[in-house]
Amino acid sequence: MQGFVDTIILLLSFGFYIGFSLALSVPLTGAFVRLRAHYNPKGLQLDPEGDVQPHTGPVRPSSFGMLRRVYRIEGWSGLYKGLMPNMLFTLIIIAFLVTFLDVKQLRPHEAYTYTAPQTGALEMLVYRLFAMLISLPQVIFINRAITTPYKLPYLNAIYSLRILLTPTERQRPWRLYLTPGLLAAQVLHTAFKLGLRSICQLLLPEIASGTLTRSEDTSIVKRSIFFVIALLGTIIMAPLEVAVIRLAIQRNHAVPEFNSISQEEDGDAEETVEYSGVEEDVIGLRTEREPYTGLVDCLKRIIDEEGWGALYRAWWLTMSGTLRVAYS
């Protein structure tokens with residue numbers, strides 16, 4: 001009986017910790033995703049008739065200014081876009097931990113920040129790649145839920161899926177894995193994170209293993225070298241993170257086996273609900289008529305159309321994540 005009570009208490013603590021974490025993290029994550037997804041071309045654009053028109057989309061705000069903009073235009077519901085996919089994914093992880101691990105030995109934060117088991121480099125790589133494949137649809141759902149200009153009900157998954165996915169993607173869900181360039185971007189991002197973690201284990205094994213008791217026990221030279229390596233890693237990983245968001249929100253449309261016109265009638269033309277009293281969108285989105293054809297094409301077009309700065313929006317967030325991953 002006591003064991004059952006302990007399990008219930010632990011599950012309640014899981015729920016409280018995760019609820020509190022999501023309440024804080026979802027609005028911040030949403031702001032950073034919107035910031036990186038915002039399409040802000042630096043030059044003049046051509047309309048369908050070939051006439052030159054200046055860009056009239058929203059001006060890109062600062063990192064935290066995006067929070068104010070989201071609240072002003074979409075209110076609290078806009079700040080918590082992406083909550084349900086985040087919560088669902090977290091519950092799946094909790095179910096996995098409770099089913100396959102000893103729940104009595106877990107702490108609440110482990111259910112939310114679960115990392116790969118300590119093992120060899122090859123096994124770690126296989127584990128990370130498998131986890132990445134499982135989480136790729138999650139990346140698509142969360143990023144699209146955050147950036148869509150439409151209202152998404154919390155408890156109507158069917159309606160939300162019709163907004164977030166094209167008829168092609170709903171009829172053939174595996175098309176999500178064929179989103180041009182997305183899988184390549186995820187693989188490279190995962191490989192770089194593992195590489196930085198391995199370098200940290202070589203240079204600073206005490207920090208990587210969590211056995212460091214005093215900062216004086218590590219060489220300041222080695223710490224400086226790793227900091228420089230982490231900074232160089234940020235130069236590579238920040239553009240990849242921007243590309244992941246841009247590619248994830250780019251929807252897959254008709255394939256040869258389906259008729260695109262009938263698809264529009266069956267799905268994309270479905271009646272949607274916008275935010276009342278609002279005549280502007282939070283961010284500008286790139287047209288799907290000229291989609292990115294791959295990772296390299298995505299990076300090249302961002303540079304050509306928006307400049308190098310677009311690839312390094314919120315770079316400091318990548319930097320902090322790089323150091324956290326390496327030391328975990």
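Is isoleucine 235 buried, partly exposed or exposed, and what is its relative accessible area? I began my notebook with this residue, keeping in mind that the model is predicted.

**Entry 1: the nonpolar patch**

I found isoleucine 235 in helix H10, and I noted that isoleucine 235 is partly exposed, with a relative accessible area of 43%. I then looked up its surroundings on the surface, where Leu188, Phe192, Phe227, Val228, Leu232, Ile235 and Ile236 make a nonpolar patch of about 600 Å². Which helices each supply at least two residues of this nonpolar patch? I wrote down helix H8 (182-203) and helix H10 (220-248), and I added that H10 gives the most, with five residues.

**Entry 2: aromatic rings**

Next I turned to the rings, keeping in mind that a pair of aromatic rings is described by the distance of the centres and the angle of the planes. My search of the whole structure found four aromatic pairs. In one of them, the rings of phenylalanine 32 and tryptophan 316 have centres 5.5 Å apart and planes at 80 degrees, so I recorded the pair as edge-to-face. Because phenylalanine 32 lies in helix H1 (residues 2-37) and tryptophan 316 in helix H13 (residues 315-327), this pair ties together parts that are 284 residues apart in sequence. I noted that phenylalanine 32 is buried, with a relative accessible area of 10%, whereas tryptophan 316 is partly exposed, with a relative accessible area of 36%.

I then saw that tryptophan 316 also forms an aromatic pair with phenylalanine 64, which is stacked, at 6.2 Å centre to centre and with 20 degrees between the planes. Phenylalanine 64 lies in the loop between strand S2 (52-53) and helix H2 (65-79), while tryptophan 316 is in helix H13, so this pair ties together parts that are 252 residues apart in sequence. For phenylalanine 64 I wrote down a relative accessible area of 46%, and the residue is partly exposed. I closed the entry by noting that ring pairs link Phe32, Phe64 and Trp316 into a cluster.

**Entry 3: salt bridges**

Side chains of opposite charge can pair when their charged atoms come close, and I looked for such pairs next. How many salt bridges does the count come to? I wrote down ten salt bridges, and I followed some of them in detail.

The side chains of arginine 36 and glutamate 241 meet in a salt bridge at 3.0 Å, N to O. Since arginine 36 lies in helix H1 and glutamate 241 in helix H10, I read this pair as tying together parts that are 205 residues apart in sequence. Arginine 36 counts as buried at 5% relative accessibility, and glutamate 241 counts as buried at 18%.

I also looked up arginine 246 and glutamate 306, whose side chains meet in a salt bridge at 2.8 Å, N to O. This pair links distant parts of the chain, with arginine 246 in helix H10 and glutamate 306 in helix H12 (residues 295-306), 60 residues apart. I found arginine 246 buried, with a relative accessible area of 4%, and glutamate 306 buried, with a relative accessible area of 9%.

Within helix H12, aspartate 304 and lysine 300 are four residues apart, so they are separated by about one helical turn. I noted that these two residues form a salt bridge, with the closest N and O atoms 3.0 Å apart, and that aspartate 304 counts as partly exposed at 45% relative accessibility. Finally, I recorded that salt bridges that share partners join Arg34, Glu74 and Lys81 into one network.

Terms used:
Residues numbered from 1 in each chain as written. Predicted model: local features only at pLDDT ≥ 70, side-chain atom pairs only at ≥ 80, totals over all residues. Heavy atoms only, no water. Phe/Tyr/Trp six-rings, centres within 6.5 Å; stacked < 30°, edge-to-face > 60°. Buried < 20%, exposed > 50% of the residue type's maximum accessible area, 1.4 Å probe, protein only. Patch = residues over 30% accessible without salt bridge, like charges linked within 9 Å, V, L, I, M, F, W, Y side chains within 5 Å. Areas by Shrake-Rupley, 256 points an atom, 1.4 Å probe, with all protein chains shown as cover. Salt bridge = Lys/Arg side-chain N within 4 Å of Asp/Glu carboxyl O.
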